[in-house]
Amino acid sequence: MSLPIEINEMAPDFKALVLDRVPAANLDLCLTCGTCTAGCPASELFDMDPRKLVRMVVLGLDEEIAKTPWAWVCTMCTRCINACPMKVDIPKLVYNMRAGWPREKRPKGILGSCDMHIRAGNAMGVPTEDFIWTVEDVAEEIQMTDPRFQDLQVSVDRPGAYYAINQNSREPVTEPDELAPLWKILHAVGADWTYPSVMWGGENYCLFLADDEGWRYILEEFVYHIDNTLKCPVVVNTE
Amino acid sequence: MRKFKIDHKFEFTTLITLYAQWIREGKLKVNSDWNKDLKIKFTAQDPCNMVRKTWGQKMADDMRFVIRTIVGEENFIDMVPNGINNYCCGGGGGALQAGFTDQRRAYGKVKFDQIQETGATYVFAPCHNCHAQIEDIGHHYGGHYNVVHIWTIMCLAMGVLGENERTYLGDDLKDFGLHKEEPS
Ligand code: SF4
Ligand code: SF4
């Protein structure tokens, strides 16, 4: 349904809020050239596109902006800002739209994974002991069955290892055998590595949820563990 | 960590950067001989998080260097556009868990068409979100490609990929180069 824009009621509060949090968002600089929209796979979904969104923000259509589920369909992939002549930060704008949703109203799937990550250190909610057990079990299996890998080294929380490796929690939980190829490669090059046990999940749902506090907590715990307990000089993000 | 200005002493890198470095240094001995006669065609997704959002085109280039090394120059067919201009798979930013399935798949149609255009039967997706999304849109739109991690094909090329580590391989590679134990 199309409604006439009520000019009198326009107060771009949301725009002011975003510019306060992201001073370089350049929202007022949009030329309406449409480059963003032309190259965005989320254009037209839920009757929205990035250029239209920026117009709405600038015009102060705050109520519509607060309601549109498009905030969760844009993937914050940054393709638009990468191509935008005025560097309008649409992904950060969308992040702040998400943050404007009451936490409990945000999509359950993301919310649940974020909460789990805060609580258990990984989005799948695997207890650390189970993670360690799985890793040791899979390692032992390889050592026993393939003589080429009888001295394969796998460890959790080995202080002083050169590389600390972040593992997406999907593997140890749903497909533990998928852990092995990476270990074999690390073995082949003689890498000195370990898995951290604190916040070991490589995923980042609190970021997707736009939960600054949760995200920050996860990062701080992780950084503390690596810098102070393990003292690994390099952290590696996996595939 | 940049966003919250959290100080950290460690350096941050990715597995793909290390693969590339190890291959260049000669530490990781791997080549594409296994695919010389098979000529299986591969393409690759540039994960937004790693490429456009963090390490840029250099990461995209390193990834291609690694992939070309393990599958053969002539067997890698790039998507258009690619690198920092590649499209997001549509599963990122939590989209896979957000519950808007129809919209997520409509978004992913762009990626699906890009993949189909290459004619490749294998897609490297070195990110879990991309991996799950590209598999899902493949099934949904009736594609006939397999989605793999780099480590799987790397181990296949080195002749060390175990029997249980082949979930994502198609029938053409399910038994390929399987290491058989000598009877003792
Ligand atoms: S590409 Fe940038 S300037 Fe052009 S319409 Fe989009 S936001 Fe505005
Ligand atoms: S960040 Fe959002 S608006 Fe920009 S191109 Fe990606 S999906 Fe589209």
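## A sheet shared by two chains

In this predicted model, A:Ala164 has A:Thr194 as its bridge partner in β2(A). That pair belongs to the match between β1(A), residues 163-166, and β2(A), which run parallel and are joined by 2 bridges.

Follow the sheet along and you cross from one chain into the other. The order is β2(A)-β1(A)-β3(A)-β1(B), an open sheet of 4 strands with parallel pairing. At the edges sit β2 of chain A (193-194) and β1 of chain B, each with a pairing on one side only. Strands in a sheet are held to each other through backbone hydrogen bonds, in either a parallel or an antiparallel arrangement.

## Where the chains meet in the sheet

So which strand of chain B does β3(A) pair with? The partner is β1(B), residues 11-14, in the parallel sense and over 4 bridges. Within that pairing, A:Asn237 is matched with B:Thr14 in β1(B).

Helix α1 of chain B (residues 15-24) also has a part here: α1(B) lies across β1 and β3 of chain A as well as β1 of chain B. Its angle to β1(B) is about 75°.

## The wider interface

Beyond the sheet, 61 residues of chain A touch 63 residues of chain B. Together the two chains bury about 5,600 Å², and 63% of that is on carbon and sulfur atoms.

On the polar side, the rule picks up 20 residue pairs in polar contact across the interface, with both residues at pLDDT 80 or more. On chain A's side, several elements give two or more residues to the contact with chain B, including α6 (90-100), α7 (108-120), α10 (180-188) and β3 (234-237). The largest share comes from α12(A), with 10 residues. By type, the chain A side splits into 35 nonpolar, 11 polar and 15 charged residues.

How many salt bridges are there between chain A and chain B? The count is 1. B:Glu165 and A:Lys184 make a salt bridge, with their closest N and O atoms 3.0 Å apart.

## A sheet within chain B

Chain B also has an open sheet of 3 strands, ordered β2-β3-β4 and paired in parallel. Its edge strands are β2 (42-44) and β4 (146-148), each pairing on one side only. From one strand to the next, the twist averages 30°.

Between β2(B) and β3(B), residues 122-124, there are 3 bridges, and the two strands run parallel. One residue pair to look at is B:Ala44, which stands opposite B:Phe124 in β3(B).

Conventions: Residues numbered from 1 in each chain as written. Chains lettered and ligands numbered in written order. Predicted model: local features only at pLDDT ≥ 70, side-chain atom pairs only at ≥ 80, totals over all residues. Heavy atoms only, no water. Contact = heavy atoms within 4.5 Å. Buried area = accessible area lost by both parts, 1.4 Å probe. Salt bridge = Lys/Arg side-chain N within 4 Å of Asp/Glu carboxyl O. Polar contact = N/O pair within 3.5 Å; in protein donor to acceptor, adjacent residues only side chain to side chain. Nonpolar A, V, L, I, M, F, W, Y, C, P; charged D, E, K, R; others polar. Pairing = 2+ DSSP bridges. Axes fitted to C-alpha atoms, helices over the stretch in contact; angles between N-to-C directions.
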